[in-house]
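Visitor: I would like to learn how to read a structure step by step. Could you take me through one?
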Amino acid sequence: MKILLVQSYLKGDVFPPVYPLGISYIASFLTKHEVRIYDPNLSLNPIDDLIKEINGYRPQMIGVSLRNIDNQSRKNPLNYYGDFQNLLQTIKKTCPSAHIVAGGTGFSMFAQEIMDTNPEIDFGVYLEGEETLSELTDNLDHPDKVKGVYYRKNGVVYYTGTRTLPQFEKFPAPGRDIVNPIPYKNGEAAIGIQTQRGCPLKCAYCNYPALNGNLLRSRSPANVVDEIENLLHSYGIRQFMFADSLFNRPLEHATGICKEIMKRNLQDKIKWMCWLDVRGVTKDFLHLLKNAGCSGISFSPDGLSTSSLISLRKGIKERDVWNILKIITTDPVIKDTKFIITMFINSPGETYLGMIKMLFYKFLSLAAKKILKRNVNVQIGWIRLEPDTEIYRVAMKQGIISPGRSLLPANADDVKALFYLNPSLQFLDRIVLAMASISESIKGKIKHTLIRRAL
């Protein structure tokens, strides 16, 4: 069977295209079929090129990934779900005889609703789809035999039931031979390596445990570094990111990979980034990451005050968040490492004092960047409400969002209405939003002036 897998289309996103890691793993399970992957984000004319790809290849099955519903920005929202719907309509019109399959994390978050409202989709793959789609290709006439599948019969959508999450540690390598990584090599975090799946944390705003389970399924350090060496020697890829929700959970996992990198003397040939849990992070651990080639680290404490950290169910203390900033600003070994710390401005348990402390934390990071020349950036944003999360239930209880309100955006402006906004902090929230808009406006004018001068 000829199968075309289509990467999520992120129309309007200013970031470099991200390598389609998820559907590359899917492709590695479809060895009995002829598979191509199309990434519209690499094209200057994505829809026209998709039509040309379909007409030239004539696939019998077309799988469309929906990774993100939107860009989770309250200030400058982008509706990726709308782009996904446009892709479906284009595919159906261009190749009406092909089986259309939808999947991806974004799809799984809203599987039933997306199936009900997009009749172009013949089958939906729920959660991790490698084994599911492979089995489905052998049972297109009897999809009810395959767990983890949505399908249509006589105009009605049926679901076959959730399947056990696969043993990720035993997976074959992603199909990089199908999608060459080289066009993505200039993006700082565009090429991902996934070392494990699952997340043991219980953050109030996050549905990762619902999507990937709360038990970690980890690859061995040797297996991970084999993939790094393949990217380096076969494609010349020297920079990548570890695409795990938390690279250092457990700590021994990250330590083992770093030591394996240094054992093979790769540390001076590569640069990589990762997400870390603030717990257990010491100077010695950060030195180990640095010595193994780490050039960038992201932390997501998401709050600063004790009340906000409790409401977010982070399981960390205020001193843990301050300790990270202290290490970043005082340790000479990691002076050149890029750090990003993300926080939410008005979580359910936040107070005016807590928000002021968070803004002070942001001010100190700016001072460290300007005076101490530390590459640290504290990013403050808002919580995008998502299904299967505690904060969504809190928002409904507080009347912030009605129980029947869909969390799928109708358009870009609709995205703005899908954020948690603490009712008791509305005044300060408006001030912060206005300050952020002014800051972005100033940055935009400076950028425009520099470009004009360069020309």
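Guide: We will go from the overall fold to single residues, and please keep in mind that this is a predicted model.

Visitor: Let us begin with the whole chain. How many helices and strands are there in the protein chain?

Guide: The protein chain holds 16 helices and 17 strands. Its radius of gyration is 23 Å, close to the 23 Å that the globule rule gives for 455 residues, so the chain is as compact as a globular protein of that length. The C-alpha trace spans about 65 × 55 × 55 Å along its principal axes.

Visitor: And what share of the residues is buried?

Guide: Of the 455 residues, 52% are buried. For the outside, look at the accessible surface: the chain exposes about 21,100 Å², and carbon and sulfur atoms supply 54% of that area.

Visitor: What do the contacts say about sequence separation?

Guide: Take the contacts between residues at least 6 apart in sequence: 70% of them join residues at least 24 apart. Charges can be read over the whole chain too. There are 57 positive and 44 negative charges, and their mean positions are 6 Å apart.

Visitor: Next, cysteines. How many disulfides does the count come to?

Guide: A disulfide is a covalent bond between the sulfur atoms of two cysteines. To count one here, the two sulfur atoms must lie within 2.5 Å. By that rule the count comes to zero. Cysteine 258 is an example: the nearest cysteine sulfur belongs to cysteine 294 and is 7.5 Å away, so cysteine 258 is in no disulfide. Cysteine 258 is buried, with a relative accessible area of 0%. Cysteine 95 also counts as buried, at 1% relative accessibility.

Visitor: How should I read a helix against its surroundings? Which residues of helix H10 are buried?

Guide: Find the buried residues, then ask what covers them. Helix H10 runs over residues 283-291, and within this helix Phe285, Leu286, His287, Leu288 and Leu289 are buried. Their cover includes two helices, H9 (251-263) and H12 (318-330), along with strands S12 (271-276) and S13 (294-302). Just after H10 comes glycine 293, which takes a positive phi of about 105°.

Visitor: Which residues other than glycine have a positive phi?

Guide: Arginine 58 is one of them, with phi near 55°. This arginine is found in the loop between helix H2 (46-57) and strand S3 (61-65), and it is partly exposed at a relative accessible area of 40%. Lysine 373 is another, with a positive phi of about 60°. The loop that holds lysine 373 lies between helix H13 (352-371) and strand S15 (376-381). Lysine 373 is exposed, its relative accessible area being 56%.

Visitor: Phi is one backbone angle; omega is another. Where is proline 250 found, and what is the peptide bond from arginine 249 to proline 250?

Guide: That peptide bond is cis, with omega near -5°. Proline 250 sits in the loop between strand S11 (239-242) and H9.

Visitor: Could we look at a loop residue? Is leucine 408 buried or exposed?

Guide: Leucine 408 counts as buried, at 8% relative accessibility, and it lies in the loop between helix H14 (390-397) and helix H15 (412-415). To see its surroundings, set aside residues up to four places away in sequence: leucine 408 then touches Ile69, Tyr81, Phe110, Glu113, Ile114, Asp414 and Leu418. Isoleucine 114 is 294 residues away along the chain, yet the C-alpha atoms of leucine 408 and isoleucine 114 are separated by 8.8 Å.

Visitor: What about asparagine 411 in that loop between H14 and H15?

Guide: Asparagine 411 counts as partly exposed, at 39% relative accessibility. Its C-alpha is separated by 41 Å from that of asparagine 323, 88 residues apart along the chain.

Visitor: Let us finish inside a helix. Which residues is alanine 395 in contact with?

Guide: Alanine 395 lies in helix H14 and is buried, with a relative accessible area of 0%. Leaving aside neighbours within four places in sequence, alanine 395 is in contact with Leu385, Ile400, Ile401 and Tyr420. Proline 348 is 47 residues apart from alanine 395 along the chain, and their C-alpha atoms are separated by 8.6 Å.

Terms used. Residues numbered from 1 in each chain as written. Predicted model: local features only at pLDDT ≥ 70, side-chain atom pairs only at ≥ 80, totals over all residues. Heavy atoms only, no water. Helix = DSSP H or I, 4+ residues; strand = E, 2+ residues; numbered from the N terminus. Rg over C-alpha atoms; globule rule 2.2 N^0.38 Å. Buried < 20%, exposed > 50% of the residue type's maximum accessible area, 1.4 Å probe, protein only. Contact = heavy atoms within 4.5 Å. Areas by Shrake-Rupley, 256 points an atom, 1.4 Å probe, with all protein chains shown as cover. Lys, Arg positive; Asp, Glu negative; His and termini not counted. Charge placed at Lys NZ, Arg CZ, Asp CG, Glu CD.
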